[in-house]
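This report describes the fold, the confidence, the surface and one pocket of a single protein chain. The sequence and the model are shown first.

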Amino acid sequence: MHITPEKIKEAAEALECTELKSFMFQEPTAGPLTKPRRSSRSTGRSRRSSRRSSRRSSRRSSRRSTRRSRRSTRRSRRSSRRSRRSSRRSRRSSRRSRRSTRRSRRSSRRSRRSSRRSRRSTRRSRRSTRRSRRSTRRSRRSTRRSRRS
């Protein structure tokens, strides 16, 4: 931090310290002065320098604020991107899960159908075998009867 004579003056006025005031208005070659000497040139210079310093400080503060705002916008953009990505991922995963559930349902239906069909076919085959057995029995009986008579 750069200490300017204005800052020292303000501090002296705030503290009301006479020693600091006398030190403030000393010229480098002259001895201690009791009364401050002010010329129109020095006051003009001090005003100009204070204006410059205030401009610099305002520029600095504006730069800082712009930097901060840029950072915050970057952060917000990043966070929004992340949230979009996560939402996309969640949508994808939900779609996948739906697909998988549909597939599993289909496969279970198919397996049920196939099992029903197989049961039906086995029943039919059993029936047919029973019928064929009956018919063979009948034919045998009839042949026996015919032989007897």
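## Surface and burial

Accessible areas come from the Shrake-Rupley method with a 1.4 Å probe. In this predicted model, the protein chain exposes about 14,700 Å², and 42% of that area is supplied by carbon and sulfur atoms. Of the 149 residues in the chain, 3% are buried.

## Fold and confidence

The protein chain contains three helices and zero strands. Along the sequence, the elements follow the pattern α-α-α.

The mean pLDDT of the chain is 81, with 76% of residues at 70 or more. Confidence varies between the helices: helix H2, residues 18-24, has the lowest value, a mean of 59, whereas H3 has the highest, at 87.

## The second largest pocket

The second largest pocket holds about 340 Å³ of space. Twelve residues line this pocket, and those closest to its centre are His2, Thr4, Lys7, Ser53 and Arg56. The elements that contribute two or more residues to the lining are helix H1 (5-15) and helix H3 (40-148).

H3 makes the greatest contribution to the lining of this pocket, with seven residues. Sorted by class, the lining comprises six polar and six charged residues, and no nonpolar ones.

## Thr66 in helix H3

Helix H3 also contains Thr66. Is Thr66 buried, exposed or partly exposed, and why? Thr66 counts as partly exposed because its relative accessibility is 36%, and this class lies between the limits of under 20% for buried and over 50% for exposed.

The side chain of Thr66 is also involved in a polar contact. Its partner is the backbone oxygen of Arg63, which the Thr66 side chain reaches at 2.6 Å.

Key:
Residues numbered from 1 in each chain as written. Predicted model: local features only at pLDDT ≥ 70, side-chain atom pairs only at ≥ 80, totals over all residues. Heavy atoms only, no water. 1 Å grid on protein atoms, 1.4 Å probe; cavity = no way out; pocket = protein on both sides within 12 Å on 5 of 7 lines; lining within 4 Å. Points joined across faces, edges and corners; volume = space filled by probe spheres on them. Helix = DSSP H or I, 4+ residues; strand = E, 2+ residues; numbered from the N terminus. Nonpolar A, V, L, I, M, F, W, Y, C, P; charged D, E, K, R; others polar. Buried < 20%, exposed > 50% of the residue type's maximum accessible area, 1.4 Å probe, protein only. pLDDT = per-residue confidence, 0-100. Polar contact = N/O pair within 3.5 Å; in protein donor to acceptor, adjacent residues only side chain to side chain.
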